[in-house]
Amino acid sequence: MAEHTSSSITIDAAPAEVMGVISDFARYPEWTGEVKQAEVLATDDQGRAEQVRLVLDAGAIKDDHTLAYTWHGADEVSWTLVKSQMLRAIDGSYRLAPVGGGDRTEVTYQLTVDVKIPMLGMIKRKAEKVIIDRALAGLKKRVESGAGA
């Protein structure tokens, strides 16, 4: 498996509130700079997204791809690539951990991207880091503003 990039941020909200924003794919274009469109294609028996089509514009990485999501309890979601125009693989996860009695949440985002075009590992990891940092900052702002409720 390729090297992954990860980062964490603490959000002033309970894990359930944070996961509520993470799982609301239809609203991703409102708070993630890179996701221009999001469409849930399939859901599980609990109504959670199993496959989501995303149109992404992350500077060096522009793509229309479908991801398969796996939910691990109430505090973790991971994804893998189903199909893509530009990506060979994308594996990622959000892991949530309660902090300070549960009214705050540490969110860890891990991401591995492999593109079909040749790209230096250093440049690819830099793109992963930019995607992660922007996503975590956007998630924090969205949750703490109350707009995700």
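A residue counts as buried when its relative accessible area is under 20%. This report applies that rule to a predicted model, beginning with one serine and continuing with charged and aromatic side chains.

**Serine 84**

Serine 84 belongs to strand 5. Its relative accessibility is 16%, so serine 84 counts as buried, the limit being under 20%. Two partners of the serine 84 side chain can be named. The side chain of aspartate 63 makes a polar contact with that of serine 84 at 2.4 Å, and the backbone nitrogen of leucine 87 is reached by the side chain of serine 84 at 2.7 Å. When residues up to four places away in sequence are not counted, serine 84 touches Asp63, Asp64, His65 and Lys116.

**Salt bridges**

Side chains of opposite charge can pair when their charged atoms come close. In this structure there are 10 salt bridges. The table presents three of them.

| Salt bridge | Closest N and O atoms |
|---|---|
| Glutamate 30 and arginine 142 | 2.6 Å |
| Glutamate 34 and arginine 134 | 3.0 Å |
| Arginine 88 and aspartate 114 | 3.3 Å |

Which parts of the chain does the salt bridge between glutamate 30 and arginine 142 link? Glutamate 30 is in helix 2 (residues 28-31) and arginine 142 in helix 3 (residues 121-145), so this salt bridge, with N and O atoms 2.6 Å apart, links distant parts of the chain that are 112 residues apart. Arginine 142 has a relative accessibility of 10% and therefore counts as buried.

Glutamate 34 and arginine 134 also meet in a salt bridge. Because glutamate 34 lies in the loop between helix 2 and strand 2 (35-43), while arginine 134 lies in helix 3, this pair ties together parts 100 residues apart in sequence. The accessibility of each partner can be stated as well: glutamate 34 is buried, with a relative accessible area of 4%, whereas arginine 134 is partly exposed, with 48%.

The salt bridge of arginine 88 with aspartate 114 links two strands. Arginine 88 is in strand 6 (residues 87-99) and aspartate 114 in strand 7 (residues 104-115), 26 residues apart. With 29% relative accessibility, aspartate 114 counts as partly exposed. Salt bridges also share partners in this model: Asp24, Arg27, Glu30 and Arg142 are joined in this way into one network.

**Aromatic pairs**

A pair of aromatic rings is described by the distance of the centres and the angle of the planes. The structure has 7 aromatic pairs. In one of them, the ring centres of phenylalanine 25 and tyrosine 69 are 4.7 Å apart and the planes stand at 55°, so the pair is tilted. Phenylalanine 25 lies in the loop between helix 1 (15-22) and helix 2, and tyrosine 69 in strand 4 (residues 61-71), so the pair ties together parts 44 residues apart in sequence. Phenylalanine 25 and tyrosine 69 are both buried.

Tyrosine 69 also pairs with tryptophan 79 in a tilted arrangement, at 5.7 Å centre to centre and 40° between the planes. This second pair links tyrosine 69 in strand 4 with tryptophan 79 in strand 5 (residues 76-84), 10 residues apart. Are tyrosine 69 and tryptophan 79 buried or exposed? Both are buried.

Which residues form one aromatic cluster? The members are Phe25, Tyr28, Trp31, Tyr69, Trp79, Tyr94 and Tyr109.

Terms used: Residues numbered from 1 in each chain as written. Predicted model: local features only at pLDDT ≥ 70, side-chain atom pairs only at ≥ 80, totals over all residues. Heavy atoms only, no water. Salt bridge = Lys/Arg side-chain N within 4 Å of Asp/Glu carboxyl O. Helix = DSSP H or I, 4+ residues; strand = E, 2+ residues; numbered from the N terminus. Buried < 20%, exposed > 50% of the residue type's maximum accessible area, 1.4 Å probe, protein only. Phe/Tyr/Trp six-rings, centres within 6.5 Å; stacked < 30°, edge-to-face > 60°. Polar contact = N/O pair within 3.5 Å; in protein donor to acceptor, adjacent residues only side chain to side chain. Contact = heavy atoms within 4.5 Å.
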